[in-house]
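Visitor: Please take me closely through one part of this model, the place where the two protein chains meet, and then follow the protein from there to the DNA.

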Protein chains: 2
Amino acid sequence: MTGSNARPTRAQQRRQTEERILDAARRLFAELGYDRTTIRAVASAAGVDAGLVMHYFGSKDLLFAQAVEVPADELPGGTSGEVAEALLASLGRRLTGEPAGSLAVLRSMLTNADAADRYRTAGEPQLNQLTAAIPTPDADLRASLLSAIIHGVIAERYLLRLTHLADASPEQIIDLLRPCFQSLTTPPPTSAKTL
Amino acid sequence: MTGSNARPTRAQQRRQTEERILDAARRLFAELGYDRTTIRAVASAAGVDAGLVMHYFGSKDLLFAQAVEVPADELPGGTSGEVAEALLASLGRRLTGEPAGSLAVLRSMLTNADAADRYRTAGEPQLNQLTAAIPTPDADLRASLLSAIIHGVIAERYLLRLTHLADASPEQIIDLLRPCFQSLTTPPPTSAKTL
DNA sequence: CCGTTCATTCTACGGTCGTTGACCGACGGT
DNA sequence: ACCGTCGGTCAACGACCGTAGAATGAACGG
């Protein structure tokens, strides 16, 4: 038996190359979006030939589909207040580190129908749980607004890199957003009057 | 003098054709984004040859620049509460009708540097006024969050067409967002404790 | 009425893209 | 040691893109 790290077996080599390609694809799709990312660029970033990418993944669409992985982190049920806090925590997690996969979807969803679908179905379970937890007739609209807020913030922080949003700490952002989330997950006090 | 509508003069004809091209460009840029919109498609939609578009506008970039017009509606100064309300009113205006120009910028800004710049500079005056009106040290972050919320909502309503957001009336959306805007433009009560 | 301008079209060039298929050379089972 | 398998490269095709420039013909000014 050869030393375990001296010469990699063929299967190992293949998995390793595939992973290098997927990494490069994730990076480029997140940075440039679907259209501007070229298979040749992915291949070159991974140190291989463009033909190999086709050979392994079949097409650009399939490469994109396999590169973007959506962990879809789940939301615990509970009172509307608890759900708001869980949602804030989920946002906090997404504001630390850079999940290249979901950034790729976010970057591409406005110009690529497939990415748009992926975005929809990825957020759907969260959206449904959210809707179920909000005790008002317009729960679905409220949940959609929360989704819009979350993605707006992430897009401007990571994709557009608006300085004030990019520099802020996740805690700072979450603290400022907490009243928003609470007001959207909570029915209005029975007699509220705008001054 | 020929009848005013019998045979159009050459200048009239030109202005008319240019406007048809710009209309088609606005529609296509808003619908497909910068990359997927082709000069040939714009020309064909306007009923002219692609060469003519080049002849009139010089390049695809210049066509895009001229097609997207940013009215940049101004924000009156005032107390933070008044600014919040003015911002809500501005959002309401943008939620009725479909300003194809700004949708084109919004659709393209994630994949086109020029559109991103245009988006930044278009929102900048509003952002500055907003920052000036918020009486907290983190005013700039708060203003950025408000901007992110606004654009997130518009993007999901008009570009992604999430059903619950697309079907809702502007008033409904604004009413739900009002507490958000108020909490972001207002310093927190001196002793707030999250339960 | 003639020469010019100009709106408009046609054709074509150079480049890039996704994708294909032939080809090469090292690994691995027998 | 042989030979099929398979990771990987190379060259090319067809489509489409942005763009340039010549050609056409009708409107215009003198």
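**The interface between the chains, and the DNA beside it**

Guide: In this predicted model, the contact draws 42 residues from chain B and 42 residues from chain A. Together the two chains bury about 3800 Å², and carbon and sulfur atoms carry 69% of that area. The count of salt bridges between chain B and chain A is two, and in one salt bridge the side chain of A:Asp35 meets that of B:Arg36, with 2.3 Å from N to O. Ten residue pairs across the interface of chain B and chain A are in polar contact, both residues being at pLDDT 80 or more.

Seen from chain B, the side that touches chain A receives at least two residues from each of α1 (10-36), α6 (100-108), α7 (113-133), α8 (139-159), α9 (163-167) and α10 (170-185). Of these elements, α8(B) gives the most, with 13 residues. Sorted by class, the residues on this side of chain B divide into 22 nonpolar, eleven polar and nine charged.

The arrangement of the two copies can be described just as plainly. A turn of 180° with a shift of 0.0 Å along the axis lays chain B on chain A with an RMSD of 0.1 Å, which is the relation of a two-fold axis. Of the interface residues of chain B, 100% are also interface residues in chain A, so the copies meet through the same surface.

From the protein interface we can turn to the DNA, beginning with strand C. There are 21 residues around DNA strand C, and those that come nearest are A:Arg40, A:Lys60, B:Arg10, B:Asp49 and B:Tyr56. Of the atoms of DNA strand C that come within 4 Å of the protein, sugar and phosphate account for 56%. B:Arg10 places a polar side-chain atom 2.8 Å from a base oxygen of DNA strand C, whereas B:Thr17 has a polar side-chain atom 3.1 Å from a phosphate oxygen of that strand. At B:Asp49 it is a polar backbone atom that lies 2.8 Å from a phosphate oxygen of DNA strand C. The elements giving two or more residues to the surface near this strand are α2 (39-46) of chain A together with α1 and α3 (50-57) of chain B. That surface has five nonpolar, eight polar and eight charged residues.

DNA strand D can be read in a similar order. It is surrounded by 20 residues, of which the closest are A:Arg14, A:Asp49, B:Thr38, B:Arg40 and B:Lys60, and sugar and phosphate account for 58% of the atoms of DNA strand D that come within 4 Å of the protein. A polar side-chain atom of A:Gln13 is 3.3 Å from a phosphate oxygen of DNA strand D, and an N or O atom in the side chain of B:Thr38 is 2.9 Å from a phosphate oxygen of this strand. B:Arg40, by contrast, has a polar side-chain atom 2.7 Å from a base nitrogen of DNA strand D. Here α1 (10-36) and α3 (50-57) of chain A, together with α2 (39-46) of chain B, each supply at least two residues of the surface near the strand. The largest share of that surface, four residues, comes from α1(A), and by class the surface near DNA strand D has five nonpolar, seven polar and eight charged residues.

Notes. Residues are numbered from 1 along each chain as its sequence is written. Chains are lettered from A and ligands numbered from 1 in the order in which they are written. This is a predicted model: local features need pLDDT of at least 70, side-chain atom pairs count only at pLDDT 80 or more; totals for chains, interfaces and linings use all residues. Side-chain values use heavy atoms; hydrogens and water are left out. Contact means heavy atoms within 4.5 Å. Buried area is the accessible area (1.4 Å probe) that two parts lose on being put together, summed over both. A salt bridge is a side-chain nitrogen of Lys or Arg within 4 Å of a carboxyl oxygen of Asp or Glu. A polar contact is a pair of N or O atoms within 3.5 Å; within protein, one must be able to donate a hydrogen and the other to accept it, and residues adjacent in sequence count only if both atoms are side-chain atoms. Ala, Val, Leu, Ile, Met, Phe, Trp, Tyr, Cys and Pro count as nonpolar, Asp, Glu, Lys and Arg as charged, and the others, Gly among them, as polar. A residue is near a molecule or strand if one of its heavy atoms lies within 4 Å of it. Copies are superposed by least squares on the C-alpha atoms of residues with pLDDT of at least 70 in both.
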